[in-house]
Amino acid sequence: MPAPRADIAPNTLDFEILPLVKPTGFREYDARWWFNGIGHDKAPELNLTGVQALGLGMATLFHELGVEPKVVTGHDFRSISQPIKNALILGLVQGGCDVLDVGLALSPMVYWSQFELDAACCAMVTASHNENGWTGVKMGANRPLTFGPDEMGRLKEIVLSGDFQPRAGGGHHRVDGVCEKYIASTSEGVKIKRPLKVIAACGNGTAGAFAPDALRQMGVEVIEMDCNLDNTFPKYNPNPEDSVMLHAMSAAVKEHGADLALGFDGDGDRCGVIDNTGEEIFADKIGLMLARDLSREYPNAKFVVDVKSTGLYKTDPVLKENGATVDYYKTGHSYIKRRTTDLDALAGFEKSGHFFFRPPIGLGYDDGLIAAKAILEMLDRNPDKTMADLKGELGVAHTSLTMSPHCDDELKYGVIDKMVAEYKGLLGTEILGRKVVDVNTVNGARVTLEDGSWVLVRASSNKPELVTVVESMRSEDDMRALFRDEVKPRLGKHPEVGAYNQEI
């Protein structure tokens with residue numbers, strides 16, 4: 001296998017026989033490339049031979065790490081995912097790995113299969129919530145953790161340098177029946193006694209083959225919403241952080257008089273929630289509701305949240321009364337998963353909808369169905385309260401959508417470095433009439449004002465974008481002002497920053 005190149009054009013002989021791998025596809029904790037370049041203005045960043053090289057590089061790294069080269073693979077429901085997985089398997093086998101292929105899968109099903117099949121490693125082909133045309137791999141070699149920057153950096157080095165180590169002894173095995181066992185495992189020991197009507201929203205993505213059955217086995221009435229598999233994603237991209245999907249979920253709750261809607265992303269490791277009134281509850285607030293509930297069941301529990309999450313965790317009286325502690329850490333499923341494990345925390349929560357539950361609730365990885373189970377059990381333990389009631393018991397904080405302006409992968413970290421320096425220089429000065437009291441730089445810049453309001457600017461870990469979130473402790477209007485009058489114009493000074501995917 002020759003060293004990959006980044007300059008191979010489609011519709012050429014080289015594209016068919018040489019590996020194309022663009023370096024920017026190696027992200028902080030997983031890999032994402034634009035694959036469907038033909039017929040699009042955007043050129044492909046990866047070809048099938050490049051995927052084979054990636055698999056061989058992963059096999060080389062697994063051996064280098066000294067783990068048993070036994071790898072669970074699966075793929076999400078996209079037109080390109082199965083052939084990409086097959087190319088990846090070819091490289092893994094060439095590198096001496098024993099590959100256990102569970103077929104169409106959610107990412108958490110692959111993680112669960114590592115335990116079920118006693119495999120050290122995983123390689124899930126998915127672009128998660130990225131739009132059609134994107135592909136990627138979520139991978140790990142130390143269950144329940146997935147790769148972080150160190151492993152991804154070494155993988156990038158191996159692949160791009162062509163430092164491959166082919167080995168004999170590899171094999172590929174199809175493993176049937178895992179889907180049914182995984183669904184049963186998510187509902188094991190769960191029987192919701194309270195009658196609940198639940199919308200299962202899957203955006204025609206992979207979760208449609210799993211979520212409705214799992215929720216029914218938990219004992220609730222399920223109304224399916226876009227659960228038929230359709231890899232064109234005809235209505236909207238399956239992303240429960242996207243306003244289009246959230247609005248559709250809200251309309252379904254009102255139409256059917258449901259108790260809540262649960263929305264799942266393209267690979268089923270995230271869960272979004274609409275309450276019984278049709279209002280969205282961002283995942284960081286759901287996390288706070290769960291932390292309040294679980295801290296009663298598990299006194300002195302530890303929780304981890306990402307830097308995009310509400311500041312209410314710091315001031316919540318129930319958490320204080322129950323001795324709970326909360327740690328704010330870097331955004332990213334791999335980071336929060338690792339931090340939750342390192343701190344021996346009960347659970348971790350991300351505003352994007354990743355929920356991490358450790359024993360006895362879960363196995364430590366992010367799973368949208370285990371998150372759904374925890375939410376339903378919370379409602380069952382509070383039979384006289386609706387989701388809206390539980391949300392109403394939280395303190396008041398007005399939090400924005402997650403908004404992402406385009407910024408090229410090669411440029412985004414430089415822009416964030418400038419923004420971090422700029423905000424650090426504002427410490428002690430005022431923003432919109434309030435003093436800047438803290439600038440947390442663990443992941444971009446989270447800038448806290450004296451009344452507890454804050455703004456965040458960071459680089460996306462998996463797309464050519466920046467990420468902005470704001471939260472006001474005053475009002476919806478002030479929340480909008482923090483974005484429109486503070487963050488947006490400050491970012492707008494940088495010509496590298498483009499249009500936003502959505503705005504408040």
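In the predicted model, Tyr-335 is buried, its relative accessible area being 9%. This residue belongs to helix H12, whereas Tyr-29 lies in the loop between helix H1 (13-17) and strand E1 (31-34), so that the pairing of the two rings ties together parts that are 306 residues apart in sequence. Tyr-29 is likewise buried, with a relative accessible area of 5%. A search of the whole structure finds 13 aromatic pairs, and in the one formed by Tyr-29 and Tyr-335 the ring centres are 5.4 Å apart and the planes stand at 80 degrees, so the arrangement is edge-to-face.

An edge-to-face geometry is also found for Trp-34 and Trp-134, because their ring planes are at 75 degrees, with the centres 6.0 Å apart. Since Trp-34 is part of strand E1 and Trp-134 part of strand E5, this pair ties together parts that are 100 residues apart in sequence. Trp-34 is buried at a relative accessible area of 8%, and Trp-134 is buried at 6%. Elsewhere, ring pairs link Phe-303, Phe-349, Phe-355 and Phe-357 into a cluster.

Aromatic rings are also met by charged side chains. The charged end of Arg-339 sits over the ring of Tyr-329, at 4.5 Å from the ring centre, and Arg-446 lies over the face of Trp-454, 3.8 Å from the centre of that ring.

The largest nonpolar core comprises 72 residues, of which Leu-215, Leu-262, Phe-264, Phe-349, Phe-357, Ile-375 and Met-387 touch the most other members. Helix H13 (residues 368-381) supplies the largest share of this core, namely nine residues. Two of the residues named for the core, Phe-349 and Phe-357, also take part in the phenylalanine cluster described above. For Leu-262, when residues up to four places away in sequence are not counted, the contacts are with Val-198, Ile-199, Ala-200, Ala-201, Leu-215, Met-249, Cys-271, Gly-272, Val-273, Ala-372 and Ile-375. Apart from the largest core lies another, made up of 35 residues, including Val-51, Ala-59, Ile-80 and Met-152.

Helix H4 (residues 107-116) is largely enclosed by the rest of the structure, because eight of its ten residues are buried. The buried positions are Ser-107, Pro-108, Met-109, Val-110, Tyr-111, Trp-112, Ser-113 and Gln-114. These residues pack against four strands, E2 (70-75), E3 (98-104), E4 (121-125) and E5 (134-140), and against two helices, H6 (178-186) and H12 (333-342). Strand E5, which contributes Trp-134 to the tryptophan pair, and helix H12, which contributes Tyr-335 to the tyrosine pair, are thus both among the elements that the buried residues of H4 contact. Just after H4, Asp-118 adopts a positive phi of about 55 degrees.

With sulfur atoms required to lie within 2.5 Å of one another, the count of disulfides comes to zero. For Cys-179, the closest cysteine sulfur is that of Cys-202 at 13 Å, which is too far for a bond. Cys-179 is partly exposed, its relative accessible area being 23%, whereas Cys-407 is buried, with a relative accessible area of 0%.

Notes. Residues numbered from 1 in each chain as written. Predicted model: local features only at pLDDT ≥ 70, side-chain atom pairs only at ≥ 80, totals over all residues. Heavy atoms only, no water. Core = buried A, V, L, I, M, F, W, Y, C linked by side-chain atoms within 4.5 Å. Buried < 20%, exposed > 50% of the residue type's maximum accessible area, 1.4 Å probe, protein only. Contact = heavy atoms within 4.5 Å. Phe/Tyr/Trp six-rings, centres within 6.5 Å; stacked < 30°, edge-to-face > 60°. Lys NZ or Arg CZ within 6 Å of the ring centre and 35° of its normal.
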